[in-house]
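Work through the exercises below with the model open. Each task is followed by a solution in steps.

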Amino acid sequence: PRCHQAAKRTSVERVVVLSPADSLPLAKAVGYKLTNPDKNRYASNELRWKNFIDAGKGHSPAAAPYDPQHTCVVVHTGGTTGSPKGVMLTDYCFNALAQEFAAQSRLFHRGQKMLNVMPPFIAYGYSCGIHMPLVMGLHVIIIPNLDPAKLGALIWKYKPEHMFGVPAHYQQMAASPLLKKKKDLSFIRNYAAGGDSLPLGAELTVNEFLKAHNVEYPLAKGYGMTEVGCRISVPDRGVSTESVGRVINICDVRTENGEIQIKTPTIMLGYYKMPEETAQMFTEDGWFRTGDIGYVTEDRQLFITGRVKNLIILSSGENVSPEAIEKKFKKLNIVDEVVVYGENDRIVAEIYPDFEHAEQAGIEDIPAEIERRMDEINAGAKTSHFVSELRFRDEPFEKTSSGKIKRKETVVG
């Protein structure tokens with residue numbers, strides 16, 4: 001059913017279906033099929049893996065000339081702020097990023113292990129979780145369907161030096177009862193977070209956990225987009241904790257009217273069969289519009305302060321960045337997730353509380369506690385920019401496959 005839903009929402013023409021049994025020894029494959037019978041009904045445009053391989057017999061890949069700028073992967077965006085789009089990425093997109101990491105990183109070495117908990121069908125998961133580590137000679141441990149409750153056990157079992165994940169993964173790691181009992185996790189070299197912003201309070205908690213367990217380096221942060229082949233900035237020594245790292249060498253950055261714009265050889269060829277949408281993403285002089293608001297310093301540190309599409313425009317013409325307000329809320333340990341938006345010319349904050357923290361801290365009335373802290377949230381803002389209403393929810397926000405909150409559904413819904 002999920003495959004059918006994805007096909008309906010995208011421009012996918014053919015679907016190749018793989019089963020774990022396809023890569024298992026015969027005895028284990030038979031056992032898997034007996035315990036996990038395939039009850040799916042396949043459409044005419046869906047092809048089983050065996051048939052896909054059989055169709056290629058007698059054909060040599062050498063028959064096609066190598067072109068580093070041909071489309072090798074079409075990655076569909078998560079649809080955080082709109083409909084998913086097929087992003088056409090080339091060999092050069094992935095290889096340039098891998099070579100950049102190989103040339104600049106002091107922490108990656110052949111033979112080390114990387115735990116890949118990101119879905120391989122997003123650019124972040126494929127580029128940083130599969131292609132890049134394999135190019136650098138790392139062993140990749142793929143967890144295809146992560147159970148968050150088992151993350152701590154997986155880290156302790158495999159002891160990977162490296163991991164790429166989203167902020168929630170590292171909050172789960174720091175909360176793992178198993179890892180909390182272990183005194184030494186010094187095998188950890190580079191655990192990096194991307195895909196979404198990391199609340200300052202959560203970052204401090206994770207870094208305190210790492211330091212207490214003899215890990216030399218704090219949590220690394222980076223920034224990227226599917227349309228630029230994944231990475232724009234990466235962690236580096238000496239950068240501010242407020243930044244998202246330092247812009248990589250193969251990437252040029254400028255800001256126009258506050259928006260971050262990019263030029264890099266890893267830029268996508270375009271959106272699949274969507275020429276008008278592709279053209280909208282580029283300026284007249286060829287710079288890619290990220291849609292993010294922020295700035296870059298002389299030493300190439302990158303700071304993100306919001307999204308152009310998310311700006312709340314008041315009737316007075318003033319622009320309010322919801323992310324700047326959300327950042328203040330996330331400093332409160334009692335707030336797990338928050339989305340700020342405009343409604344009837346007012347600023348509304350919708351909050352999913354951290355119920356576990358509230359219980360541990362003996363806080364019985366969560367709304368009252370947050371109301372008590374609103375002077376901190378509104379401090380320094382114009383009266384028209386004050387949060388005038390708090391809404392609370394019992395369930396987490398709906399998220400994309402990469403862990404980002406689906407803001408559009410929240411605001412519209």
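Helices (H or I, at least four residues) and strands (E, at least two) are DSSP runs, numbered from the N terminus. This is a predicted model, in which local features need pLDDT of at least 70 and side-chain atom pairs count only at pLDDT 80 or more, while totals for chains, interfaces and linings use all residues. Residues are numbered from 1 along each chain as its sequence is written, and side-chain values use heavy atoms, with hydrogens and water left out.

**Exercise 1.** Place Pro353 in its strand and state whether Pro353 is buried or exposed.

Step 1. Pro353 belongs to strand β20, which covers residues 346-353.
Step 2. Buried means under 20% relative accessible area, exposed over 50%, and partly exposed in between (1.4 Å probe, protein chains only). Pro353 is buried because its relative accessibility is 3%.
Step 3. Contact means heavy atoms within 4.5 Å. Leaving out residues up to four places away in sequence, Pro353 touches Ile334, Asp336, Ile366, Phe392 and Arg393.

**Exercise 2.** Describe the sheet that contains β20.

Step 1. Two strands pair if DSSP finds at least two bridges between them. The sheet is open, has 3 strands in the order β19-β20-β21, and shows mixed pairing.
Step 2. β19 (335-343) and β21 (387-392) are the edge strands; each has a single partner strand, so one side of each lacks a neighbour in the sheet.
Step 3. β20 and β21 run parallel and are joined by 5 bridges. Ile347 has Val387 in β21 as its bridge partner.
Step 4. Helix α11 (residues 322-329) packs on this sheet and touches β19, β20 and β21. The direction of α11 makes about 150 degrees with that of β19; axes are lines fitted to C-alpha atoms, for helices over the stretch in contact, and angles run from 0 to 180 degrees between N-to-C directions.

**Exercise 3.** Find the partners of β7 and the directions of its side chains.

Step 1. β7 (residues 162-165) runs parallel to β5 (residues 113-116), with 3 bridges, and parallel to β8 (residues 190-193), with 4 bridges.
Step 2. Asn116 stands opposite Phe164, and Met163 stands opposite Tyr191.
Step 3. In a regular strand the side chains alternate between the two faces of the sheet. In β7, His162 and Phe164 point one way, Met163 and Gly165 the other, and all are buried.

**Exercise 4.** Which residues of α7 are buried, and how are they arranged?

Step 1. In α7 (residues 167-174), Pro167, His169, Tyr170, Met173 and Ala174 are buried.
Step 2. Viewed down the axis of α7, they fall within an arc of 160 degrees, so they line one face of the helix. The arc is that of the directions from the helix axis to the C-beta atoms.
Step 3. The cover over these residues includes β7 and β8.
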